[in-house]
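Please open the model in a viewer and follow the selections below in order.

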Amino acid sequence: QVQLVESGGGSVQAGGSLRLSCAASGSTYVTSSRAWFRQAPGKEREGVAAINRIGLPRYTDSVKGRFTISKDNAKNTLYLQMNSLKPEDTAMYYCAANGHDGGRWYVPLEPSEYNYWGQGTQVTVSS
């Protein structure tokens, strides 16, 4: 069983920055893909960024150049550095782990490809 706990959310003005963290417990997540998803009210959950077992990242187009995903295997922690935040980034952000392994060059970014989820942390960006 893998448990994921997110932190670092909050309220910022447009153009500001936040760093989300996702602390994990368990033994399988370290070698599998991990990701950040977000869900705004009335919208479907969407993949924001993911990183696979060899450290290859993948981003949704709307955050490229602004967000950076990283992981510290020694600390069992996944991060999402979010810069130049926009009001449309407002959502509940979720950490996910144990993504589908499609090979060393594959980085899963669909909710259905992940087995473990955190409870979420709220990010609110005001204009």
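A residue counts as buried when its relative accessible area is under 20%. The model is a predicted one.

Select Phe37 to begin: its relative accessibility is 0%, so Phe37 counts as buried. Next, add Tyr114, which at 5% relative accessibility is also buried. By the ring-pair rule, the count of aromatic pairs is two. In one of them, the rings of Phe37 and Tyr114 have centres 5.5 Å apart and planes at 75°, so the pair is edge-to-face. The two residues lie 77 residues apart, Phe37 in strand β4 (residues 33-39) and Tyr114 in the loop between β9 and β10.

Now add Trp117, which forms a tilted pair with Phe37, at 4.9 Å centre to centre and 55° between the planes. Because Phe37 is in strand β4 and Trp117 in strand β10, this pair ties together parts 80 residues apart in sequence. Phe37, Tyr114 and Trp117 are thus linked by ring pairs into a cluster. Arg45 lies over the face of Trp117, 4.8 Å from the ring centre.

Move then to strand β8 (residues 77-82), where five of the six residues are buried. Strand β8 runs antiparallel to β3, joined by six bridges, and Arg19 stands opposite Gln81. Six bridges also join β8 to strand β7 (residues 67-72), again antiparallel, with Ile69 opposite Leu80. In the hairpin of β7 and β8, select Asn76, which takes a positive phi near 55°.

Finish at Ser21 in strand β3 (residues 18-25). Beyond its neighbours within four places in sequence, its contacts include Trp36, Thr77 and Tyr79.

Methods
Residues numbered from 1 in each chain as written. Predicted model: local features only at pLDDT ≥ 70, side-chain atom pairs only at ≥ 80, totals over all residues. Heavy atoms only, no water. Helix = DSSP H or I, 4+ residues; strand = E, 2+ residues; numbered from the N terminus. Contact = heavy atoms within 4.5 Å. Buried < 20%, exposed > 50% of the residue type's maximum accessible area, 1.4 Å probe, protein only. Pairing = 2+ DSSP bridges. Phe/Tyr/Trp six-rings, centres within 6.5 Å; stacked < 30°, edge-to-face > 60°. Lys NZ or Arg CZ within 6 Å of the ring centre and 35° of its normal.
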